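Got your viewer open? Here's a walk through the model, one selection at a time.

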Amino acid sequence: TARMADDLSIIAAIHLAEGNINKALQYIERAWVILEECVGEGPEFPQRDYLIAYKILLAAGQIERAYAALQSANRLVIDRAEKITDPDLRQSFLIQVVVNREIVETYRNLMGDA
């Protein structure tokens, strides 16, 4: 199911933290398939899953795919933020939610404001 992407991504992140990039890649590849099939709908934290994929793919030297993962993460955050009509709540969603802030800042630092 789509929610498995969250679990697979967390396991992948653990392997990355332990320095086992090959194992991390195995798990994130499985999560990636789910994320791409569901287009971010279903997993609880698809933006976090894409951020984890970005970090793992970057560590594995798969730069182009890493940037694609970061772009997907950023798109999910921005799309969700745009649905929040209250400006203060929108800003809180972008700044106070740590993973969202990390995604937006990383994206801006690497890609500019595009």
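## Stop one: A13 and its surroundings

Start by clicking on A13: with a relative accessible area of 26%, this residue counts as partly exposed. You'll find A13 in helix 1. Before going on, bear in mind that what you're looking at is a predicted model.

Now show what surrounds A13. Once residues up to four places away in sequence are set aside, A13 touches I52 and I56. Next, draw a distance from the C-alpha of A13 to the C-alpha of D49: the two are 36 residues apart along the chain, yet the separation reads 9.3 Å.

## Stop two: helix 1 against helix 2

Select residues 4–17 for helix 1 and residues 21–38 for helix 2. How far apart are their axes, and at what angle do the two pack? The axes are 8 Å apart and the packing angle is about 160°. Anything over 145 degrees counts as roughly antiparallel, and helix 1 and helix 2 are therefore roughly antiparallel to each other. Check the hand while you're here: the crossing of helix 1 and helix 2 is left-handed.

Turn on side chains to see who meets whom. On the helix 1 side, pick out M4, A5, L8, S9, I11, A12, H15 and L16. Facing them from helix 2 are I21, K23, A24, Y27, I28, R30, A31, I34 and L35.

## Stop three: on to helix 3

Keep helix 2 and add helix 3. Their axes come within 10 Å and cross at roughly 140°. That makes helix 2 oblique to helix 3. The contact draws on I21, A24, L25, I28, E29, W32, L35 and E36 of helix 2, together with P46, D49, Y50, I52, A53, I56, L57 and A59 of helix 3. As for the hand, helix 2 passes helix 3 in a left-handed crossing.

Now isolate helix 3. Its 14 residues reach 20 Å from first C-alpha to last, close to the 20 Å expected at 1.5 Å a residue. Colour by accessibility and you'll see a helix that is mostly covered, with ten of its 14 residues buried. To highlight them, select P46, Q47, D49, Y50, L51, I52, A53, Y54, I56 and L57. What covers these buried residues? The cover includes helix 1, helix 2, helix 4 and helix 6.

Before leaving, step just past the end of helix 3 to G61, where phi is positive at about 80°.

## Stop four: helix 4 and helix 5

Bring up helix 4 and helix 5 as a pair. Their axes come within 9 Å, crossing at roughly 165°. That makes helix 4 roughly antiparallel to helix 5. Is the crossing left-handed or right-handed? Helix 4 passes helix 5 in a right-handed crossing. For the contact itself, show V77, I78, R80 and A81 in helix 4, which meet R90, F93 and L94 in helix 5.

Stay on helix 4 and select N74, which lies there. Is N74 buried or exposed? At 10% relative accessibility, N74 counts as buried. Hide the neighbours within four places in sequence, and N74 is in contact with I103, V104 and Y107.

## Stop five: helix 6

Those contacts lead straight to the last selection, residues 98–111, which make up helix 6. At 1.5 Å a residue, its 14 residues should span 20 Å, and the end C-alpha atoms are indeed 20 Å apart.

Which residues of helix 6 are buried? They are V99, N100, I103, V104, T106 and Y107. Look down the axis of helix 6 and these buried residues fall within an arc of 165°, so they line one face of the helix. An α-helix has 3.6 residues a turn, so residues three or four places apart point the same way. Rotate to the face turned away from the buried side of helix 6 and you'll meet the exposed residues V98 and N109.

To see what the buried residues of helix 6 pack against, display helix 3 (46–59), helix 4 (63–82) and helix 5 (87–95).

Finish on R108, also found in helix 6. R108 has a relative accessible area of 49%, which makes it partly exposed. For a final distance, link R108 to N74: they are 34 residues apart in sequence, and C-alpha to C-alpha they are 9.3 Å apart in space.

Note on methods
Residues numbered from 1 in each chain as written. Predicted model: local features only at pLDDT ≥ 70, side-chain atom pairs only at ≥ 80, totals over all residues. Heavy atoms only, no water. Helix = DSSP H or I, 4+ residues; strand = E, 2+ residues; numbered from the N terminus. Expected span 1.5 Å × (residues − 1). Buried < 20%, exposed > 50% of the residue type's maximum accessible area, 1.4 Å probe, protein only. Arc of directions from axis to C-beta. Contact = heavy atoms within 4.5 Å. Axes fitted to C-alpha atoms, helices over the stretch in contact; angles between N-to-C directions. Parallel < 35°, antiparallel > 145°, perpendicular 65-115°, else oblique. Left-handed = near helix turned anticlockwise from the far one by under 90°.
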